[in-house]
Amino acid sequence: METTITVKKTFPHGVHPPEAKEETHHLKIRRFPFAPVMILPLSQHTGKPSKAMVREGQEVARGQKIAEADGFVSVALHAPASGIIKRIALAPNPVGRMTPSIYLQPFPASSQEVLEGTPIDPDTASPDEIVKAIQDAGIVGLGGAAFPTHVKLKIPEGKFVDTLIINGVECEPYLTTDHRVMLEQKDDIFMGIRYLMKVTGAQRTIIGIEANKLDAAQELSAAIPAGMPVSVEVFKVKYPQGAEKMLIKALLDREVPSGGLPVDVHTVVVNVATAAEIGRLLPHGRGIMERVITITGPGVAKKGNYWIPIGTPVRYVLEQAGAKDNISLVFLGGPMMGQAVSNLDFPFTKGTSGLVVFTEAETNSKPQKIYPCIHCAYCVDACPMFLNPSQMGILAKKERYEEMAEQYNLFDCFECGACSYVCPSHIPLVQYFRVAKGILREKKAAS
Amino acid sequence: MNLTQKTLEIRTSPHILSGMSTDTIMRNVVYALLPVAAFAVYAFGLAAALVISVSTISTVLTEHVLCRLTKKESTIGDWSAAITGLLYGLTLPPGLPLWMVFCGGVIAIALGKFMFGGLGYNPFNPALVGRAVMQAAFPVAITTWHPAFTTDRFYNLPDSTLTLPFMAPVFKAVTTATPLAQMKFDHKIADSYDLAMGFVSGSTGETCAVLILLGGAYLAWRKMMNWRIPAAIFLTVIVLSEFFHYLKPEIYPDSLFMLLSGGLMLGAVFMATDMVASPMTSRGVMIYGALIGILVVVIRLWGGLPEGVMYAILIANAASPHIDRLVQPRVYGTGGVKRKT
Ligand code: SF4
Ligand code: SF4
């Protein structure tokens, strides 16, 4: 069935960075070999770290739960491969901080059969059982936030959800994981939606996709199971459309109140890869062992989309992907919000959606001179939250942080980077705002 | 490759930038002004060429010297001093003594820009500050106009041009009245085709509306100028002047004349749009533009001066931070929960 797709909706403001997706968006997701040692941080999500359930020297099977959730805002962790627990010790995270982690050495000759768990039936299981199952499967937001998914699915007393939004926007340049997942895991996605609608009580589901993934939009709308209240909506390409607040604005013309959550405007947003993972894992009672990651950028030879086992060290991935000699900047996630890494001795975690590698050619081409703010208002017209980055930048330089928060809504800034991206004076606005928030938080904690 | 030896850069997101740069914007404003300057030379000859060159040299030189004196890196590379010089030169009458031109350029940069902290901190358009000080200091010289398209304009200079510093210039040659002065004092209205094409007397760069608009259109297309500002100014001027023209057509000129005469085009397109001294929000610039439009009409029709664009913009510059404060954009999520079914 051929579906006509109209592209109209979008949110106000935002920017148009070069998409840079054409090198990987057509590449099928491929398997990645197991690294000789895997490092599994106990804290791969927002919230409390998981509690280890294994001891050093213990043998584990692929898919076996090796750490359990510690409280509600926490999730379980599963062995990405059959192997032996070498150590439980501190290991560096992407920014170099040491966090408790489990070191796993996969058995080289193992068949890597996955352990089956207790299946959860979307029709018979209660919402609470599904919430528990999602937590037990170790599922977090795979779009990059790594927030435990089950937490936002637990609808607070007195609130309701009418629309479930599946986020297939993938507005960050370079990344093509969600695109591939939508093309290759359609059944998993709809299975996931069944669970999600059951838990949230939503009457309808909208899958939001940007116009640069029309093939995915077409295939998905054609594959909607009969009788399922799901629709696919295509947006104009614009960054940061994938941010929950912008997506809700574009789709439903509702605004999440400042400091509030999507559920306050009767919706829940779940990333499409997260939905696919729920649909893939829950029917088998399994947990997350791997995720799709885009490896790309001018600094790697074998660009592509890969199923990478959680815990695979970045160094190993770079070696396998053929990193070039002159690489100079490696970051996790997309170029707009991604985190630059200072060392390569940390592993991929559940929240990582991409690894982009730049060479000296991209980073050294032109030293960016910082000019004073010329009030061009580019940043004001870019900010999707309708803040005034120019004024906040000027105040930040004068260290007037309180004013930024009280008069200019600093805490509504979600650090999308649109303002820094457009600033012709190359003022590191987002960085100023991060620092300002950090200082204000510290002050608050101290008082 | 040996990944262990690798030193990686650590920087904060975003890792890509739009590529737009402040010096690029400023450089393009200069480009957009060049045709206007070229027409000035064509219309007024050598005198205009000298005025514009001296004004530009004076501002760039002042900026450079002041930076050096305060032991800072020279900022002439950002092109903003060149814009100030060009704009300032384009607002001067072609026969103005060159030493006065030079003094005004120094004042524009030193008083209009450097004193406040340089680029980005000037509350007023520096070119207009220079122009306003000149107007106060040399009220006669700066309102002595020379006819355009004289036959000897490419080899003869008005006597006043080369007057020595601090000597009163002699205006022996034929001077002439601008269309605005004619309107105001003689109730004579110039032909609008002549006005649009620049076949009239006036400041060096104010006369050719067509080239000014083309330059503005180029900048607006490159998003280097906020088109809402001239649009708001023009609209306000049209509405107000048509209204008064309708009431008393024998005294008040029609809107076409108001738009095309004097410094309105140059002011609206190139001076009121100074990013630093104008508001930032779309609503803010509308108010700002309307304010300029109202002031221009009021000063022109009832003020003691034939021309009001300069003061109108300076006053609006002063108001611009306040306008900005009044019309901050409504932050997402702060307007209550909209519920649509
Ligand atoms: S980083 Fe913050 S201030 Fe800048 S555009 Fe994004 S939300 Fe607005
Ligand atoms: S984009 Fe940069 S230069 Fe322009 S107003 Fe914002 S902070 Fe100032």
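Tutor: A salt bridge here is a side-chain nitrogen of Lys or Arg within 4 Å of a carboxyl oxygen of Asp or Glu. The model is predicted, so local features need pLDDT of at least 70 and side-chain atom pairs pLDDT 80 or more, while totals for chains, interfaces and linings use all residues. Residues are numbered from 1 along each chain as its sequence is written, chains are lettered from A and ligands numbered from 1 in the order written, and side-chain values use heavy atoms without hydrogens and water.

Student: How many salt bridges does the rule find across the interface of domain 1 and domain 2 of chain A?

Tutor: Zero. Domain 1 of chain A covers 6-27 + 118-284 and domain 2 covers 378-446, with bounds from an automatic or database domain assignment.

Student: What makes these two domains of chain A count as being in contact?

Tutor: Contact means heavy atoms within 4.5 Å, and 15 residues from domain 1 and 13 residues from domain 2 of chain A take part. The C-alpha centres of the two domains lie 29 Å apart.

Student: What is the area buried between them, and which three residues of domain 1 supply more than any other three?

Tutor: About 990 Å² is buried between domain 1 and domain 2 of chain A, 67% of it from carbon and sulfur atoms; the value is the accessible area (1.4 Å probe) lost on putting two parts together, summed over both. His13(A), Val15(A) and Met246(A) supply 45% of the area that domain 1 buries against domain 2.

Student: What percentage of chain B is called buried?

Tutor: Of its 341 residues, 55% are buried, that is, under 20% relative accessible area (1.4 Å probe, protein chains only).

Terms used: Buried < 20%, exposed > 50% of the residue type's maximum accessible area, 1.4 Å probe, protein only.
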